[in-house]
Amino acid sequence: MKITFLGGGNMAIALVGGLIQRGFEPHNLGVIEILPEARARLGEQFSINIYEAATAEALQCDVLVLAVKPQQMRAALASLPAGDNKPLIVSIAAGLLVDDLARWMGGYRRIVRAMPNTPALIGAGMTGLYADPSVEAADKDRAEAILGAVGETAWVNSEQLIDSVTAISGSGPAYVFLFLEAMQEAARELGLSAETARTLAIQTVIGSAQLAEQSTDPVSVLRERVTSKGGTTEAALKKKAEMGVKEGLIAGMHAAAERSRELGIELGRD
């Protein structure tokens, strides 16, 4: 499988690195990058094919990964030369709908949308995937192999659900970072050093996530096991409930999903 990335941003770099670590031959990987400094950086990191423009040679691939900013996508697609080769299109551009991408490519619909998150930059990502109904199973396997190089993947059977994925895992790292920020701030207010606060907060989140992953019990049961009647955890959870913490988190994710839907409409306007 030959893969070309249109755009050499951080996510594309992470995917290239992950694919090479998984055994993909570098000569089967290419990046189209118009910025000279970005091309130089790529050349220092990887022994892959690097192109300064979307030439016919660059587009002789099995999969073309669209990794440019959503606002730049229409112009980038318009610059692609016509040719006989019709690769699978994997778009990691947030918000852009299959219908709009297809319209900008003259009706071509062999498209998979992917919504990775920032932990993919260290190989610990979570990516939601949606395929146009015309995409065959073999192409879905190709898309999953590419995004699986930087973490876990999950398919959704409706494009609208990509907005839900965006709200949960796409934006999710920010929610976790906010929680870590609050834990560290509270720890400092309670007299702990900044270094100790950071260690306590981060390791607690890592350990709790690993326990939830490995346990067969629902997270609600795991929470109850930590919460002794009349104890410190119960006091903390009662205060959080009074302040609507859980409800606020859920409402925020609904707001993220709605904004994702709005952006899809805005970005696809002619």
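# Exercises: a pocket and three helix pairs

The second largest pocket has a lining of 28 residues, and Gly7, Ala67, Val68, Lys69 and Gln72 are the ones nearest its centre. A pocket here is an open set of points on a 1 Å grid over the protein atoms alone, where a 1.4 Å probe fits, with protein on both sides within 12 Å along at least five of seven lines; lining residues have an atom within 4 Å of a point. This is a predicted model, in which local features need pLDDT of at least 70, side-chain atom pairs count only at pLDDT 80 or more, and totals for chains, interfaces and linings use all residues. Residues are numbered from 1 along each chain as its sequence is written, and side-chain values use heavy atoms, with hydrogens and water left out.

**Exercise 1.** Describe the second largest pocket and its lining.

Step 1: its space is about 650 Å³.

Step 2: at least two lining residues come from each of helix 1 (10–21), helix 2 (36–45) and helix 3 (73–78). Helices are DSSP runs (H or I, at least four residues), numbered from the N terminus. Helix 1 gives the largest share, 3 residues.

Step 3: by class, the lining has 18 nonpolar, 7 polar and 3 charged residues. Ala, Val, Leu, Ile, Met, Phe, Trp, Tyr, Cys and Pro count as nonpolar, Asp, Glu, Lys and Arg as charged, and the others, Gly among them, as polar.

**Exercise 2.** Work out how helix 6 (residues 161–170) and helix 7 are arranged.

Step 1: their axes come within 5 Å and cross at roughly 25°. Axes are lines fitted to C-alpha atoms over the stretch in contact, and angles run from 0 to 180 degrees between N-to-C directions.

Step 2: helix 6 is therefore roughly parallel to helix 7, as angles under 35 degrees count as roughly parallel.

Step 3: Ala167, Ile168, Ser169 and Gly170 in helix 6 touch Gly172, Pro173 and Tyr175 in helix 7, where contact means heavy atoms within 4.5 Å. This contact holds 4 nonpolar, 3 polar and no charged residues.

**Exercise 3.** Now find how helix 6 packs with helix 11 (residues 245–267).

Step 1: the angle is about 135°, and the axes are 8 Å apart.

Step 2: helix 6 and helix 11 are therefore oblique to each other.

Step 3: Asp163, Thr166, Ala167 and Ile168 of helix 6 meet Met253, Ala256, Ala257, Ser260 and Arg261 of helix 11. Their classes are 5 nonpolar, 2 polar and 2 charged.

**Exercise 4.** Finish with helix 7 (residues 172–189) and helix 8 (residues 194–214).

Step 1: the two axes come within 9 Å and cross at roughly 140°.

Step 2: helix 7 and helix 8 are therefore oblique to each other.

Conventions. Angles under 35 degrees count as roughly parallel, over 145 as roughly antiparallel, 65 to 115 as roughly perpendicular and the rest as oblique. Grid points are joined across faces, edges and corners, and a volume is the space filled by probe spheres set on the points.
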